[in-house]
Structure formats: structure tokens, C-alpha cells
Amino acid sequence: MKIRSPLLVLISGSNYECSTRPNEFGTLVIKNLPFDPVLPNTPNDGRRPYNKLPFSEAVLALIGCLAGDIFSYRDEKEGLLIQNICPIQGQEYRQENTGSMFLEFHTEDSFHPLPPDILMLSCLRGDRTKKAITCTACIDQIIPLLKEETLNKLLESVFTIKSSSSFKNTKYTKQTPIVYKEEGKYYLVFDPSAMMASDKESEVLLQTVYNLLRENTYGICLEPNEAIIIDNRKACHARTGFVPFFDGYDRWLQRIFLTKNLDKYEDFFVQGTRVVDNRKLQRS
């Protein structure tokens, strides 16, 4: 897997420019963000420590709102709008953000009826071994590399995708192509660890896309005061494996989901919140 440096935006003080238009990489890294003056130990249960100041949360929300509207899911991470991502002992080998083995390329929550348009990750504490690299790969980088016949098959091929075990109360399953097209633009639905091909030909197509994405990967080992914004409709992401120590100083990120079309989600929110209610989705 070839890993290149992602597109960067440097922020200094309060003077900066931020464009919400997508780029050819589907990824933007922001550096020099304000950071917590005092940080408690990395939580060992994935929950926000009671004694943590709301500093990073405010920065994440303020930057995120420039790109979209924040929301969350009732049946994941307790419905928190700002979620803590850190390794949990005993879950090292899970294909989830609580694990520390290689986290496979995927578009976030592709199985869900209402997946996020944008994903943002902010670093509170980096991986001291510098092994945990957040990687992204964009559909726009591989479209020119596909034969027309292959692309047409990707648009037509149907795969079954199942929900992550991080969704505690609801199991989702849907059929989807890997590539779809809207208003002349190509978009990606990709999660090989959760997708099942319908036949041998589809298996070959899945592997073809996977190989091309790995050859066109950009990555960064996030450090404190850095954040990454990922266009979840254009780019999939992964994380290389690392060794957690579970001593209070492990890697600690915070995550938010964003949508560019809040109207599409509003009917399914828990009343008075930005939390998608799985029970309303089941009734629809």
C-alpha cells in the first residue's frame, strides 16, 4: 500500500479560509488548531472523562459547522454528537474504532439508510509509536484508471452490506453498487469487511477497486491540534495497526458526523435533538 501525504490547510490564529467544496482527494487535513491546555488520561472505556474541559469539543464543533450540520445515531456511541475514539482493552482485534489492528478501508456507516456525508476526526493525543496512520482513498483518483466496461459493471453490480457491531440495538442490511453516479459525479460505497459479492464476477470487481484504492492512498499520523475532514461520499478511510499500552496515554481522537442536507434527516431525529432514531427509521 502506497501512502502519500494528504492535502493540508494551515490555520493560524483566527485568520483562515475554509472551502466546503470537495477536492479531488476527498480529504482535508487541518493543522495548528487550538488544543486542550490540560488533558486527562485517555479513557479506557471510550466515554468522555468527567473531568475533561469542553475545549476540543468546541473547536471540533465550530470547524465542523463550516462543512455541514452535526448529527449522530441513537444506537451508536450512546447517541453522542461528539464521540471519543480510543483503543479498548479486549477489543484489539475488532473491525471497529475501538480496535488496534488494521482497520479496513470503508466508507463510514455505508449500510445505514442515512449515512453521513462528511466525517471529521480531531486528535487529542497521538499514537506515541507513530504507527497509527489515518489513510484515505478517493473514487475520483481511480475512475480514470478503470476501463469503461469495468466502470459500467461497478455501477450495475449489486452487493449486500451489513451493519457494524458498533450499532448495538439495530441491524441494518441493504443492497448497493460500489460506485454510483449523481448529476454527472461518481460516488463510492465501500466496506469489504462487511460487503458480500453476489457472484464471482462481482468478487473480481470488488478486488479490482480495492487494489486501486490501496495504490492511491493518502495518510497521516494525526497529532494533537490536527484534524482530518473526509468526504464520506467520495473517499473511504482506514487506519493502520498500532500497539496500545492501556496506560492512560494511548491515541485519543474525537469524531463527528456531518450532513450537507439536514432536511433529509430531520423527520428521523429524536424530538428536540440531532440524533437519528432507529425506531423512526424502522417505522418508515
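Aromatic pairs in this predicted model number 13 when ring centres must lie within 6.5 Å of each other. One of them joins Phe-71 and Tyr-73, whose ring centres are 5.4 Å apart. The planes of Phe-71 and Tyr-73 meet at 85°, and because an angle over 60 degrees is the criterion, the pair is classed as edge-to-face. Both partners are withdrawn from the surface: Phe-71 is buried at a relative accessible area of 0%, and Tyr-73 is likewise buried at 0%.

Tyr-73 also pairs with Phe-167. Here the centres are again given as 5.4 Å apart, but the planes stand at 55°, so this pair is tilted. The contact between Tyr-73 and Phe-167 links distant parts of the chain, since the two residues are 94 residues apart. Tyr-73 belongs to strand β4 (residues 69–73), whereas Phe-167 lies in the loop between β9 (159–162) and β10 (173–176). Although Phe-167 is in a loop, its relative accessibility is 0%, and the residue therefore counts as buried. These three residues are part of one aromatic cluster, which is formed by Phe-71, Tyr-73, Phe-111, Phe-167, Tyr-172, Phe-257 and Tyr-265.

Aromatic rings also receive charged groups in this model. Arg-233 is placed over the face of Tyr-187, 4.1 Å from the ring centre. In a second case, the charged end of Arg-251 lies over the ring of Phe-242, at 5.9 Å from its centre.

Helix α3 (residues 148–156) offers a further view of how residues are arranged. Its residues Thr-150, Leu-151 and Leu-154 are buried. Viewed down the axis of α3, the buried residues occupy an arc of 100°, so they line one face of the helix. The face turned away from that buried side carries Glu-148, Glu-149 and Glu-156, which are exposed. On the inward side, the buried residues of α3 pack against three elements, namely β11 (179–182), β12 (185–188) and α4 (200–215).

Confidence in the prediction varies along the chain. The average pLDDT of the protein is 91, and 93% of the residues score at least 70. Strand β17 (residues 252–259) has the highest confidence, at 98, while strand β2 (residues 8–10) has the lowest, with a mean of 59. Over residues 12–19 the pLDDT is below 50, and this stretch has five contacts in the model beyond near neighbours in sequence.

Key: Residues numbered from 1 in each chain as written. Predicted model: local features only at pLDDT ≥ 70, side-chain atom pairs only at ≥ 80, totals over all residues. Heavy atoms only, no water. Phe/Tyr/Trp six-rings, centres within 6.5 Å; stacked < 30°, edge-to-face > 60°. Buried < 20%, exposed > 50% of the residue type's maximum accessible area, 1.4 Å probe, protein only. Helix = DSSP H or I, 4+ residues; strand = E, 2+ residues; numbered from the N terminus. Lys NZ or Arg CZ within 6 Å of the ring centre and 35° of its normal. Arc of directions from axis to C-beta. Contact = heavy atoms within 4.5 Å. pLDDT = per-residue confidence, 0-100.
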